[in-house]
Amino acid sequence: MRMSKIIIIGAGPAGLAAAAAALASGAQIDIIDDNHASGGQIWRGGADHQKDTRATKLWQQLSQSTQVQFHFGAKVVHATKRDDTYQIVVEKQANNQTQIFSANKMILCTGARELLLPFPGWTLNGVTGAGGLQALAKAAYPVAGKRIIVAGSGPLLFAVAASLIERGAHVTHVIEQAKFGQLSRFALGLIATPSKITQAYQLMRTMHKTLETRYHANSYVVSAHASTDESAKKETTKEASNDTIKENTLACVRVSIQGEVQDIPCDMLACGYGLMPNTELATVLGCAILDDKTYPKVQVNEAQETSLHGVYCAGEGTGIGGVDLALAEGTIAGLAASGQSISSKYKAQRHKWRGFAQRLHQAFGLRDELKHLCQADTIVCRCEDVTYGQLEQHSDWRDAKLHTRCGMGACQGRICGNANRFLFSWEKDSGRLPMTSMKIASLMIACENDTK
């Protein structure tokens, strides 16, 4: 068992900021992340390789400190509280070993995941999440020369489009479901955060370099289609052939552009409807979860402490707000967890960026039309191939799980659970252990530790 003063789950902006803030206390800190480098999703590919100087500064400070130990490629599978300490079981991919970590304080910086909503054709080859395709492109997935439509909702669409264009993609359309009035009010609100105006201007410049990207507000994807209607109806055989691959590969997207339905040819569709906080670890630990009708998020006090003494949360887990809010909350959580005083400067920064987050949610609230795109045979749970028609027959999440296995596959409802929450207003079951699939050997170690 490895003992430390503070365990930080997540090495994104919030986690790095929390660790940096805690350094002055002299505390020994373990940072655990299931990615193979620091940075999380926002600074993907390593904090040390970012244009944002805040990322490189944090990485330099932490990587040179003897108080900090990073554990990359490490997946948290089990977590418990014993007396005044918190113990987590971690599976490490590099050496295929299981390790138990123990500390008096824990800071959860588990980030967020993309909200993917089903529509006819969303399982075709070539259809991805917006943030998902951006992550793939950053990891050297080839997009150069491909015609790509970026769709969904939120400022992330601009960042995704700009990132793809920089890598040689032809982003022909950006499709935003929010209406013009909402976007205008949001744009005016950026006066309160001038740095976001600069960021938006830079993204727009990148988007318009090629003079081929069209931006459409009050518009949304209706369906995606393969090469021909006939081929889309053919059954896929288990032995894949070139013809089968073609039949299941995206060829065009049907879009409602301000009420007018159009078919747009493309090679790829990157479609995502914002982000959802990752609250699974907080839930299994017993932290209070706040649901304000937008999404479930971890409830915290002024010191970023959850309802569980000694457990703090910072970043997207407390509500989607972007990198600036994550840095402010992470700093506050690190100071509080290490017993240091919290400067009013950081509280003011948090207040400022929480205001931005609130305006963000108001501007990009999802329209009701998105709830009615699925047909009876549209797959909603991709792990277990459960269709919309099957789910319609049930009254709640638990009933649907028992009768269809929806949410019982590899992702454990992390994708379809959020989709069903939007489609049917179903709330997922509270989290339970183990958090995800784990090796029998790891489960035995966790059980042995619990009985000691």
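**Exercise 1. Why do α4 and α6 count as oblique to each other?**

Let's work through it together, keeping in mind that this is a predicted model.

Step 1. Two packed helices are described by the angle between their axes and the distance between the axes.

Step 2. Helix α4 spans residues 156-166 and helix α6 spans residues 194-207; their axes cross at roughly 45 degrees and come within 9 Å.

Step 3. Angles under 35 degrees would count as roughly parallel, and 65 to 115 as roughly perpendicular. The crossing angle is roughly 45 degrees, so the pair is oblique. As for handedness, the crossing of α4 and α6 is left-handed.

Step 4. On the α4 side, the contact is made by Phe158, Ala159, Ala161, Ala162, Ile165 and Glu166, while α6 supplies Leu203, Met204, Thr206 and Met207. Sorted by character, the residues of this contact are eight nonpolar, one polar and one charged.

**Exercise 2. Find the order of the strands in the open sheet that holds β12, β13 and β14, and name its edge strands.**

Step 1. The three strands are arranged β12-β13-β14, with antiparallel pairing.

Step 2. β12 (219-225) and β14 (260-265) each pair on one side only, which makes them the edge strands. From one strand to the next, the twist averages 25 degrees.

Step 3. Now zoom in on β13, residues 252-257: six bridges join this strand to β14. As one example to look up, Val253 has Ile264 of β14 as its bridge partner.

**Exercise 3. Describe the stretch that UniProt lists as "signal peptide".**

Step 1. The unreviewed UniProt entry gives residues 1-24 for this feature.

Step 2. In the model, residues 1-24 are 42% helix and 33% strand, and the end C-alpha atoms lie 25 Å apart.

Technical notes. Residues are numbered from 1 along each chain as its sequence is written. This is a predicted model: local features need pLDDT of at least 70, side-chain atom pairs count only at pLDDT 80 or more; totals for chains, interfaces and linings use all residues. Side-chain values use heavy atoms; hydrogens and water are left out. Two strands pair if DSSP finds at least two bridges between them. Helices (H or I, at least four residues) and strands (E, at least two) are DSSP runs, numbered from the N terminus. Axes are lines fitted to C-alpha atoms, for helices over the stretch in contact, and angles run from 0 to 180 degrees between N-to-C directions. UniProt positions are given in the numbering used here, feature names are shortened, and annotations may be inferred rather than shown by experiment. Angles under 35 degrees count as roughly parallel, over 145 as roughly antiparallel, 65 to 115 as roughly perpendicular and the rest as oblique. A crossing is left-handed if the near helix is turned anticlockwise from the far one by less than a right angle, and right-handed if clockwise. Contact means heavy atoms within 4.5 Å. Ala, Val, Leu, Ile, Met, Phe, Trp, Tyr, Cys and Pro count as nonpolar, Asp, Glu, Lys and Arg as charged, and the others, Gly among them, as polar.
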